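Hi,

Here is the structure I promised to pass on. Have a look at it first, and then read on for what I found in it.

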Amino acid sequence: MEALTEHRTHCPYCGERITLLVDHTGGSQEYVEDCFVCCQPIVVRLEEADDGYTLQVDVEND
């Protein structure tokens, strides 16, 4: 598995489709990334699955 992969989702503010670059080497994480369209802060949560390979990616308003 590559360390960085693209994850397509929608901005919870403006609804535009955005692509996040997700780092799979850090395990479960939470960070804020600005929307590339409307510049609003998006909370990105990465949850590592029990298999150690799968990440669940969730985005929400800050």
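Let's start from the outside: the protein exposes about 4200 Å², and carbon and sulfur atoms supply 44% of that area. Keep in mind as you read that this is a predicted model. Of its 62 residues, 23% count as buried.

On to the overall make-up. You'll find five strands and zero helices, so the pattern along the sequence reads β-β-β-β-β. The radius of gyration is 12 Å, close to the 11 Å that the globule rule gives for 62 residues, so the protein is as compact as a globular protein of that length. Along its principal axes, the C-alpha trace spans about 35 × 20 × 15 Å. As for contacts between residues at least 6 apart in sequence, 24% of them join residues at least 24 apart.

Now the hairpin. Strand 1 (residues 4–10) pairs with strand 2 in the antiparallel sense, over seven bridges. The two strands form a hairpin with six residues between them, and G15 in the turn has a positive phi of about 80°. If you want one pair to look at here, T5 has V22 in strand 2 as its bridge partner.

Strand 2 (residues 17–23) has two quite distinct faces: I18, L20 and V22 lie on the covered one, while R17, T19, L21 and D23 lie on the uncovered one. In a regular strand, side chains alternate between the two faces of the sheet.

T9 also belongs to this part of the chain, with its place in strand 1. Is T9 buried or exposed? T9 counts as buried, because its relative accessibility is 16% and the cut-off for buried is under 20%. Leaving aside neighbours within four places in sequence, T9 is in contact with E16, R17, I18, L20 and V59.

The other strands make up an open sheet of three, in the order 3-4-5, with antiparallel pairing. Strand 3 and strand 5 stand at the edges with a single partner strand each, so one side of each is left without a neighbour in the sheet. From one strand to the next, the twist averages 25°. Strand 4 and strand 5 pair over seven bridges, and R45 has D58 in strand 5 as its bridge partner.

What about the inside? The largest nonpolar core has ten residues: C11, I18, L20, V22, C35, I42, V44, L46, L55 and V57. Strand 2, strand 4 (41–48) and strand 5 (55–61) are the elements that give two or more residues to this core. In soluble globular proteins, nonpolar side chains tend to be buried together. For a closer look at one core member, try V44: not counting residues up to four places away in sequence, V44 touches L20, Q29, E30, Y31, E33, V57, D58 and V59.

One last residue, this time from a loop. Q40 sits between strand 3 (29–34) and strand 4, and is partly exposed, with a relative accessible area of 35%. Beyond its neighbours within four places in sequence, Q40 is in contact with Y13, E33, D34 and C35. The C-alpha atoms of Q40 and D58 are separated by 16 Å, with the two residues 18 apart along the chain.

That's the tour. Shout if anything is unclear.

Cheers

Definitions and conventions. Residues numbered from 1 in each chain as written. Predicted model: local features only at pLDDT ≥ 70, side-chain atom pairs only at ≥ 80, totals over all residues. Heavy atoms only, no water. Buried < 20%, exposed > 50% of the residue type's maximum accessible area, 1.4 Å probe, protein only. Helix = DSSP H or I, 4+ residues; strand = E, 2+ residues; numbered from the N terminus. Pairing = 2+ DSSP bridges. Core = buried A, V, L, I, M, F, W, Y, C linked by side-chain atoms within 4.5 Å. Contact = heavy atoms within 4.5 Å. Axes fitted to C-alpha atoms, helices over the stretch in contact; angles between N-to-C directions. Rg over C-alpha atoms; globule rule 2.2 N^0.38 Å. Areas by Shrake-Rupley, 256 points an atom, 1.4 Å probe, with all protein chains shown as cover.
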